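Trainee: I have a structure open and want to go through its helices, pockets and cavities. Can we take it piece by piece?

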Amino acid sequence: MARELRIHESLDELSTDLADYIAELSESYVKERGVFCIALSGGSLIGLLRKLCEAPYNMTVDWARWHIFWADEHVVSKNHPDSNYKLTKDGILSKVPVMPSHVHSMNDAVSAEAAANEYEFTIRQLVRTRVIDVSEISDCPKFDLVLLGMGPHGHVASLFPDHDALNEKDEWVTFLTDSPNPPPERITFTLPVINSASNVAVVVSGETKAGAVKSVMNSAGTDCSSLPAQMVRPTSGKLVWFLDSAAASELDISPFS
C-alpha cells in the first residue's frame, strides 16, 4: 500500500490541493473508463470541497460523468440537518451540473437495515454493469475514489472504535442502530469496500484531531490497529492523507505541500 502525506499551512491551501487532486483523478478515470465513481462522507469534509464549485473546476470537470455515492449516511430524512446527502446537496451538488440519476443516495423511508441492504443492492447492480469497477482481488466494488474524514477518536465513515461493524467482512454496506455519536442509526461502507478502492483520501483538519492523527501515523506498518482510521489500508490502491498544520501539529515532521 502506497501512502502519501500532504500537510498544508492553511485550510485554503488544503482545499485547493484537494480540488486539484479530485479533478485530476476525475479526468483520468473519465478518459479510462468513461465515468468517475466517487464516494463521499459528511462533516467538515464537504466544506473543504467547496473549491470544486469554483473556477476553474466548475467548468473543467466533466460533471456529467460523475456517479456520486456516500461512504456513510445517517438514517434521517433527506431534508434533515444531519443528512450527509443534504449537506452535500447544499454544499456542492446544487452548484455543479451533475446528472440527478447519477446521484445515488440512501432510501430515507425505510429502517437502517433495509436502507443498508438497498444501498448494497444498488451498488451490486452498478458493479454488474461495470459503472463501478470491480476489485481484481475480491468481488468487492472498486470505487475510483473514496473520500473520508476522521473523527477525534479515529473513526472513519460510520466505523467506530471497538464496534462490531469494523469486523464485517461479507457485507458491502452495513448498518448501526447504536452509534456512539448522534444520530444513532447509520449505514456505512465496510472496511473491505473502503480498502478495495483505487484511491482513498482521508482529509483531516483542526487540532482536536491531532492526537488521533499521531496515533494513526505512528502505528503505520504495525499490526496493532485499534483505531478504524488505522485500518484504512487499500489493498492495491493509493492512500493520501490531507492534513492542515493543526491536525499535523503532533507529528515529528515539518509542514510541506
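Trainee: Which residues are buried in H1?
Mentor: Keep in mind that this is a predicted model. In H1 the buried residues are Leu14, Ser15, Asp17, Leu18, Ala19, Tyr21, Ile22, Ala23, Leu25, Ser26, Tyr29 and Val30.

Trainee: How many residues does H1 have, and what does it reach from its first C-alpha to its last?
Mentor: H1 covers residues 11-33, which is 23 residues. The span is 32 Å, close to the 33 Å expected at 1.5 Å a residue. Just after the helix, Gly34 has a positive phi of about 85°.

Trainee: Pockets next. How much space lies in the second largest pocket?
Mentor: About 190 Å³. It is lined by 13 residues, and those closest to its centre are Tyr21, Leu25, Asn199, Lys238 and Val240. Strand E1 (2-8), H1 and strand E11 (238-244) each give two or more residues to that lining.

Trainee: Which element has the largest share of that lining?
Mentor: H1, with five residues. By type, the lining of the second largest pocket holds six nonpolar, two polar and five charged residues.

Trainee: And the largest pocket, how much space there?
Mentor: About 360 Å³. Of its 22 lining residues, Gly42, Gly43, Ser44, His155 and Ala157 are the closest to the centre. Helix H2 (44-48) and E4 are the elements that give two or more residues to this lining. The lining of the largest pocket divides into eight nonpolar, 10 polar and four charged residues.

Trainee: Switching to Ser198. Is it buried or exposed?
Mentor: Ser198 counts as buried because its relative accessible area is 12%, and the cut-off for buried is under 20%. Ser198 sits in the loop between helix H6 (191-194) and strand E10 (199-204).

Trainee: What is Ser198 in contact with, leaving aside neighbours within four places in sequence?
Mentor: Tyr29, Lys142, Phe143, Asp144, Gly237 and Lys238. Tyr29 is one of the buried residues of H1, and Lys238 is among the residues closest to the centre of the second largest pocket.

Trainee: How many cavities of 30 Å³ or more are there?
Mentor: Two. The largest cavity has about 50 Å³ of space, and its lining is nine nonpolar residues with no polar and no charged ones. Trp63, Trp66 and Ile68 are among them.

Trainee: What about the second largest cavity, which element gives the most to its lining?
Mentor: E9, with three residues. The space there is about 40 Å³. Its lining is seven nonpolar, one polar and two charged residues, including Asp72, Glu73 and Thr188.

Methods:
Residues are numbered from 1 along each chain as its sequence is written. This is a predicted model: local features need pLDDT of at least 70, side-chain atom pairs count only at pLDDT 80 or more; totals for chains, interfaces and linings use all residues. Side-chain values use heavy atoms; hydrogens and water are left out. Helices (H or I, at least four residues) and strands (E, at least two) are DSSP runs, numbered from the N terminus. Buried means under 20% relative accessible area, exposed over 50%, partly exposed in between (1.4 Å probe, protein chains only). Contact means heavy atoms within 4.5 Å. On a 1 Å grid over the protein atoms alone, a cavity is a set of points where a 1.4 Å probe fits but cannot get out, and a pocket is an open set with protein on both sides within 12 Å along at least five of seven lines; lining residues have an atom within 4 Å of a point. Grid points are joined across faces, edges and corners, and a volume is the space filled by probe spheres set on the points. Ala, Val, Leu, Ile, Met, Phe, Trp, Tyr, Cys and Pro count as nonpolar, Asp, Glu, Lys and Arg as charged, and the others, Gly among them, as polar. The expected span of a helix is 1.5 Å times one less than its number of residues.
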